[in-house]
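Biologist: I would like a close look at the enclosed spaces inside this protein, beginning with a small part of the picture and then widening the view.

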Amino acid sequence: MARGLSKHQQPAKAMSGGSATGSVPQARSKQQIASRAIRPFRTELVCAGAVFLVALFLYSWTLAPAVTLTDSGELIVVAHGLGIAHPPGFPLWVILAHLASLVPFGNVAVRINFASALFAALASAMLTLVVAELMIAALYLAAFKRRKKGAQQRKKAAPYTTGGAKDEDSAIGRLLVLAPALGAGLLMAFSRTLWSYATIAEVYTLNTLLIVVIFFLMLRWRRCIMADRRHIGTAMDAGQNTLAVTVHDTFLYAAALVFGLALGVHHVTVALILPALAVIVYRTEGPRFFMGRRLIYAALISVGALVAIYTYLPLAASRMPVISWGNPRSLQEIWWHVTGRQYQVFFSFTPKIVGEQSVEFGRMALREFGVSWLPLSLALAFAGFGNAFKRDRTTFWFLLSIVTADLAYALSYYIAEDKDAYYLPTFISIAIAAGFGIRWLIQLAVSRPMPVGRRYLVAAIAVLLTCTIAFTSNWPFNNRRHYFVAHDYVENLLSAIEPIGLLLTLDWQVASPMLYAQEIEQRRRDVKVVDINLLRRSWYFDYLKHAYPGLIERSRDKIDAFVENLKEWERDPGAFTRNQALTQRISAAFEEMIQSIVMNENRLAPVYITNDLLFADATNDELTRWLTQNYQLVPQGLVFNLVRDQNFHDSRDVHLQIRGLADGTLRFEKDDVVNLKVLPVYTSMLINRGRYLALFNQHERAIAAFRQALALNPGLAAARQGLAESMGKLRNP
């Protein structure tokens, strides 16, 4: 280090083009530059390791013990059988989750749930390293500014430096790096959204991990270049990046590789970080980088990784797995699947939608890292943004680019479930900014005369208070240790269905966990479960042929006629939009197919529907009208049995398992899918059951049904009214 220090003290001579002995760039090999720039960072690794262990223990303790709602059932079936998931297919996640499903412990759901926990814990640890990189870079910039003023004395380098700086060689320098890094990592680990997806089978924790890995590699690349330029005396302000240092481009190309692979998970949120990556590159190497070969090499690496990972789709489709969503074999079908053509209808740039989504985002952001009435983490993040603007303008624009690009997309995309996952890049930025906020607090403490111990105490209080608020606020909603909601939901549905019965549903909260129950757990394979919405996708009929070949055979004529129209629509939906006759033809074929299925299956066994079919939108109103006009709807458990006559049909009262819904072991936000979709099914079907029994003077049984509904939701006026009326009938028959 002595030789490096002496050269560092003579930047003018090194850059003057004078004697050969004074020419640092020519005298120093690339290997020497690399070894000096990439100093050991064991302390940062210890912090990251601590965050990883804390997060993994937390996620493992709160892990869901079974399948959960929304996409988890479908994703587990796809991963277990190496199939194809809903667009864009998530091939990288499917491959890794399949490996997790082979681990010999617990059930298949627990294995893949644990994979999510592992990815999330690694993401939190990597975020710790990301913030450490940014903090060290900030120290570099501070040292450079002092050197420009001639106020700094060069000393022996510390583990955080490459040229020796007072801040970096001191306990305060270490504190300014480690405390923000540790605080940001734990804050991310305890955040509402990442933690919620860390306990279930979903793609978003892997997606978050890959995004943070990309950030780390790019920021490491930037920091190494900064370190080398300090050694050779190159100007490091925003307008004087005069030396191109390519020895560290391994980090750049590694980031490009991970970026291409990450597009094989949730490509939308990954693509949205491109502007932020461009900021890092521009502020580090200047505009010339975008006209050079290095950009071409990085782009080729990313495209190669992207093509390689999405080659999985046609290969998997050729194997004819249980679920081959979209059946993407041709280039056109692969393009449709990867681009998510079926979801593009959810985009809306109207002020009304953007305004509604903005309000929703504000609500989510307030609760993400704590309680909404005490947004300490957000306050720290705002302070951190300000601190970054003053201390490290590159980091400020980097974080701002992430937030801007993410919100520009997410606020115009309207979906009911998983919307919080689309804000994960923004939440990552907030956690990083909160790290800068912690740094700002420490700097305030350092600016005042006080013992070193008190400065450490200030840092510890800032980290502990921020993380404790996030942990205690999010624990009740993310502790899924006793989460059997989806398992019980499926069990309650199946318990009311006779052998070889048919269940028609529009509810994905029914269809998705039912896939897991039937395909993985092999429960009630005799029951034919048909998702009406998926009948509008030609690939779904391949699944039905696999699962229920008899159903397809009994209605083959009508099914074939509709599928022929459906494939024509899939090739050119615009033609149907422009031609009313084509729309009427495919609609008529759809109705005839459904009617044929219902009538043919009803000859063998009862047919059932879920209550969402009674509240269908304009797309399914004809089906709803036909069902209600031709059948009596007899409530049995959580389903309606379709019967031809209007007589009383007695059936046993189904004992409903409702673990976690009313016993206080689980808590749900108002916008949770349990409160929005599952609980209303329980309460409405119990009320329907009570009304049906009361109609035929079965008042004692009706009272029991009404009381069950009130146990789930004491504020139900309809249940209270029904209970009062039945009790009155019993008193005065």
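Biologist: How much space lies in the second largest cavity?

Modeller: This is a predicted model, in which local features need pLDDT of at least 70 and side-chain atom pairs count only at pLDDT 80 or more, while totals for chains, interfaces and linings use all residues. Residues are numbered from 1 along each chain as its sequence is written, and side-chain values use heavy atoms, without hydrogens and water.

The second largest cavity (a set of points on a 1 Å grid over the protein atoms alone where a 1.4 Å probe fits but cannot get out) holds about 40 Å³ of space (the volume filled by probe spheres set on points joined across faces, edges and corners). Its lining (residues with an atom within 4 Å of a point) includes Tyr 489, Leu 493, Asp 507 and Val 510, and also Thr 610, Asn 611, Asp 612, Leu 638 and Val 681. By class, this lining divides into five nonpolar residues (Ala, Val, Leu, Ile, Met, Phe, Trp, Tyr, Cys or Pro), two charged ones (Asp, Glu, Lys or Arg) and two polar ones (the others, Gly among them).

The count of cavities of 30 Å³ or more comes to two, and the largest cavity contains about 140 Å³ of space. Fifteen residues line the largest cavity, and Ala 511, Leu 515, Leu 534, Tyr 540 and Tyr 543 are the closest to its centre. Helices α24 (508-519) and α25 (539-547) and strand β2 (528-531) (DSSP runs numbered from the N terminus, H or I of at least four residues for helices and E of at least two for strands) each supply at least two residues of that lining, and α24 gives the largest share, with five. Twelve residues of the lining of the largest cavity are nonpolar, one is polar and two are charged.

Conventions. On a 1 Å grid over the protein atoms alone, a cavity is a set of points where a 1.4 Å probe fits but cannot get out, and a pocket is an open set with protein on both sides within 12 Å along at least five of seven lines; lining residues have an atom within 4 Å of a point.
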